[in-house]
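Let's work through a few exercises together, with the structure open beside you. Try each task before you read its solution.

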Amino acid sequence: MKPYKIPESVLVVIHTADLQVLLIERADRPGFWQSVTGSIDTLGEPFIDAARRELFEETGIVADGERIALRDWQLSNIYTIYPEWRHRYAPGVVENTEHIFSVEVPRDTPIMLSPREHINHAWLPHLEAADKCFSSSNAEAILLLPRQTG
């Protein structure tokens, strides 16, 4: 049996210098667009490590810390886990804490989606990207982007 997911996750908003935001479309929910997300793998896994891992797994982007560096916003959201995804967590777990990161990349960065997780990607101006997100916490993070990068 697969172990339960840990209700601690990361959100990585990928953007360009001019605030174009990369969104990816979920394979298991076509029409659901989001930034990179994912749970920590083990208790105690540093959130920056989870963000780096998820960024690479979902987009192929390598945050090398120099040319492409993750930025920890030191901000987190607690949200209710969608009922259809609660089976992935231990019985009784209904909330997740999401830690927010961003990463600025050149617009021509190649994107290699993990086909079992995502089926499409799009670069959008940050306000359009926020409107397209199905997750309100993801949309809120995108709306905060100008303050985090300015």
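Three exercises follow, each with a worked solution. This is a predicted model, in which local features need pLDDT of at least 70 and side-chain atom pairs count only at pLDDT 80 or more, while totals for chains, interfaces and linings use all residues. Residues are numbered from 1 along each chain as its sequence is written, and side-chain values use heavy atoms, leaving out hydrogens and water.

**Exercise 1. Find the strands that pair with β1, and give the sense of each pairing.**

Step 1. Start with the terms: strands are DSSP runs of E with at least two residues, helices are runs of H or I with at least four, and both are numbered from the N terminus. Two strands pair if DSSP finds at least two bridges between them.

Step 2. Look at β6: β1 pairs with this strand in the parallel sense over eight bridges. Glutamate 8, for instance, has threonine 97 as its bridge partner in β6.

Step 3. Turn to β4 (residues 36–39), which runs antiparallel to β1 and is joined to it by four bridges. Here valine 10 stands opposite glycine 38.

Step 4. Finish with β2, antiparallel to β1 with two bridges. The two strands form a hairpin with four residues between them, and leucine 19 in the turn has a positive phi of about 65°.

**Exercise 2. Decide whether serine 35 is buried or exposed, and list what it touches.**

Step 1. Locate serine 35 in the loop between β3 (33–34) and β4.

Step 2. Apply the cut-offs: buried means under 20% relative accessible area, exposed over 50%, and partly exposed in between (1.4 Å probe, protein chains only). Serine 35 has 1%, so it is buried.

Step 3. Collect contacts, meaning heavy atoms within 4.5 Å. Not counting residues up to four places away in sequence, serine 35 touches Leu11, Val12, Val13, Leu22, Leu23, Ile24, Asn138 and Ile142.

**Exercise 3. Trace the aromatic pairs of tryptophan 85 with tyrosine 82 and phenylalanine 134.**

Step 1. Recall the rule: rings of Phe, Tyr and Trp (its six-membered ring) pair if their centres lie within 6.5 Å; planes under 30 degrees apart are stacked, over 60 edge-to-face, and the rest tilted.

Step 2. Tyrosine 82 and tryptophan 85 are edge-to-face, at 5.3 Å centre to centre and 90° between the planes.

Step 3. For tryptophan 85 and phenylalanine 134, the centres are 6.3 Å apart and the planes at 65°, so this pair is edge-to-face. These two residues lie 49 residues apart in the chain.
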